[in-house]
Amino acid sequence: MYQDSKGDLLRRLRKIEGQVKGIQKMIENDAHCVDVLVQVAAVRSAINSVGKILLKSYTTSCVKGAMCTEKQDDMIEELVETFIKFMK
């Protein structure tokens, strides 16, 4: 599935982890709200990028493979549900 992107995904997630720890320190140090919110937005954007990579991998591997079988309808339903969950 996402094996080709595994290294990139792990690198991105470690960076996000560092950003979250930075936000924790900002709050501990009573940083200005606007500065904290900017960092929260950066984390949200970064985690959305991880999700997009995973969605692309899922679509091009799992969904594509199922389109040649009798499980097409089930896979389309799963794909739609996955997108709905991701977009929440």
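Q: What makes Asp30 worth a look, just after helix 1?
A: In this predicted model, Asp30 takes a positive phi of about 55°, right after helix 1 ends.

Q: How do you know that the length of helix 1 fits what a helix should span?
A: Count 1.5 Å a residue, and the 23 residues of helix 1 should span 33 Å. The C-alpha atoms at its ends are 33 Å apart, so the two values agree.

Q: Which residues of helix 1 are buried, and what helps to cover them?
A: They are Leu9, Ile16, Gln19, Ile23 and Met26. Their cover includes helix 2 (33–66).

Q: Why is Tyr2 called partly exposed?
A: Buried means under 20% relative accessible area and exposed means over 50%. Tyr2 has 34%, so it falls in between and counts as partly exposed. You'll find Tyr2 in the segment before helix 1 (6–28).

Q: What makes Tyr2 part of a surface patch?
A: A patch takes residues with over 30% relative accessible area, so the 34% of Tyr2 clears that bar. Tyr2 teams up with Met1 and Leu54 in a nonpolar patch, and together they have about 290 Å² of accessible area.

Q: What makes up the largest nonpolar core?
A: Eight residues do: Leu9, Ile16, Ile23, Met26, Val36, Val43, Val50 and Ile53. Helix 1 and helix 2 each chip in at least two of this core's residues. A second, separate core has five residues, among them Tyr58, Val63, Ala66 and Leu79.

Q: Which residues does Val50 touch, leaving out those up to four places away in sequence?
A: Val50 touches Leu9, Arg12, Leu13 and Ile16.

Methods: Residues numbered from 1 in each chain as written. Predicted model: local features only at pLDDT ≥ 70, side-chain atom pairs only at ≥ 80, totals over all residues. Heavy atoms only, no water. Patch = residues over 30% accessible without salt bridge, like charges linked within 9 Å, V, L, I, M, F, W, Y side chains within 5 Å. Areas by Shrake-Rupley, 256 points an atom, 1.4 Å probe, with all protein chains shown as cover. Salt bridge = Lys/Arg side-chain N within 4 Å of Asp/Glu carboxyl O. Helix = DSSP H or I, 4+ residues; strand = E, 2+ residues; numbered from the N terminus. Buried < 20%, exposed > 50% of the residue type's maximum accessible area, 1.4 Å probe, protein only. Expected span 1.5 Å × (residues − 1). Contact = heavy atoms within 4.5 Å. Core = buried A, V, L, I, M, F, W, Y, C linked by side-chain atoms within 4.5 Å.
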